[in-house]
Amino acid sequence: DVVAAVRTAKSQGVLTLGIVNTSNSTLSRITDAGMFTRAGQEVGVVSTKSFTVQIAVLVMMAINLGRYSGKLDKEKSIEILNALEKIPEQQEKFLRSSETLFKNIAMTYRYATNFLYLGRGFNYPVAVEGALKLTQMSYIHCEAYPAAEMKHGPIALIDEFMPVLFIATQDAVYEKVVSNIREVKARKGAVIAIATENNHELDQFCDFVIHLPVTHDCLLPLLTSLPVQLLAYHLGVARKCSIDHPRHQAKYFPNN
């Protein structure tokens, strides 16, 4: 599907750029230019590090485009780049300290048959990524929605048997996400919240809270993607699923 889209764009004279992991991929050969992420081979069928490294590349592209267009000033771009430089250390710290929490969450919800993942702004695409990973690794049906759309349909599904994961970092839309969380709790829903480490407001009424380091708003997906991927992994382990080779799925590794 991606290759077909690229070929259609090229047939119309559109410049095409590829963000790819390996130099021998089809996309790297048919696009006009691009970048190699060089994240290393994804051994399992389910991609994880490819997702996060592509976000980093897109952030750097956005910074450069913003500077060239004059829409992003030098001070702001330096602020974002400095925050980006700290991300690997923040990711490592989180990974080292969170395993017990994820095992507890997984054991609590290992018999769940459905999940909802909700996020706003930068974090809605991360909710989509998390829902996909949960479905692939644990075989639990999971759907992601923009948190603002919750009351337009998904809220009808919420009861004590429907765990709901919210990405509720302290950004510009935080208060609106908290309002959504309170609506779920009022309907006896189980809530797992992803929050920033300096915020303990959600500890009072959420079933589990996963705390992340603080970073710039536009870099949040580089951190929020970790807990949704880890939760999928630990739920898959708790349910004795095949993590690296989920059923009915395969991955092609090109040799040339």
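Just after helix 8, lysine 240 takes a positive phi of about 60 degrees; helices (H or I, at least four residues) and strands (E, at least two) are DSSP runs, numbered from the N terminus. The model is predicted, so local features need pLDDT of at least 70 and side-chain atom pairs count only at pLDDT 80 or more, while totals for chains, interfaces and linings use all residues. Residues are numbered from 1 along each chain as its sequence is written, and side-chain values use heavy atoms, with hydrogens and water left out.

**Exercise 1. Describe the length of helix 8 and say how far it is enclosed.**

Step 1. Helix 8 covers residues 220–238, which gives 19 residues, and from its first C-alpha to its last it reaches 28 Å.

Step 2. The expected value is 27 Å at 1.5 Å a residue, and the span of helix 8 is close to it; the expected span is defined as 1.5 Å times one less than the number of residues.

Step 3. Because 16 of its 19 residues are buried, helix 8 is largely enclosed by the rest of the structure. Here buried means under 20% relative accessible area, exposed over 50%, and partly exposed in between (1.4 Å probe, protein chains only).

**Exercise 2. Find which residues other than glycine have a positive phi in two loops, and state how accessible they are.**

Step 1. Tyrosine 139, which is not a glycine, has a positive phi of about 60 degrees, and it lies in the loop between helix 6 (124–138) and strand 4 (141–146). With a relative accessible area of 24%, tyrosine 139 is partly exposed.

Step 2. Lysine 188 has a positive phi near 65 degrees and belongs to the loop between helix 7 and strand 6. Its relative accessibility of 63% makes lysine 188 exposed.

**Exercise 3. Work out the order of the strands in the open sheet, and then place strand 5 within it.**

Step 1. The open sheet is formed by 5 strands in the order 4-3-5-6-7, with parallel pairing; two strands pair if DSSP finds at least two bridges between them.

Step 2. Strand 4 and strand 7 (208–212) are at the edges with a single partner strand each, so one side of each has no neighbour in the sheet. On average, neighbouring strands of this sheet are turned by 20 degrees against each other, direction ignored.

Step 3. Strand 5 (residues 163–167) pairs in the parallel sense with strand 3 (residues 114–119) over 3 bridges, and leucine 118 stands opposite phenylalanine 166. Strand 5 also pairs in the parallel sense with strand 6 (residues 190–196), over 5 bridges, where proline 163 stands opposite alanine 190 and isoleucine 167 has isoleucine 194 as its bridge partner.

Step 4. Both faces of strand 5 are covered, since Pro163, Leu165 and Ile167 on one side and Val164 and Phe166 on the other are all buried.

**Exercise 4. Describe the surroundings of tyrosine 145.**

Step 1. Tyrosine 145 is part of strand 4, and its relative accessibility of 27% counts as partly exposed.

Step 2. Leaving aside neighbours within four places in sequence, its contacts (heavy atoms within 4.5 Å) include Leu116, Leu118 and Tyr124. Tyrosine 124 is 21 residues away in sequence, yet 7.2 Å away in space, C-alpha to C-alpha.

Step 3. The side chains of tyrosine 145 and glutamate 143 make a polar contact (3.4 Å). A polar contact is a pair of N or O atoms within 3.5 Å; within protein, one must be able to donate a hydrogen and the other to accept it, and residues adjacent in sequence count only if both atoms are side-chain atoms.

Key. Axes are lines fitted to C-alpha atoms, for helices over the stretch in contact, and angles run from 0 to 180 degrees between N-to-C directions.
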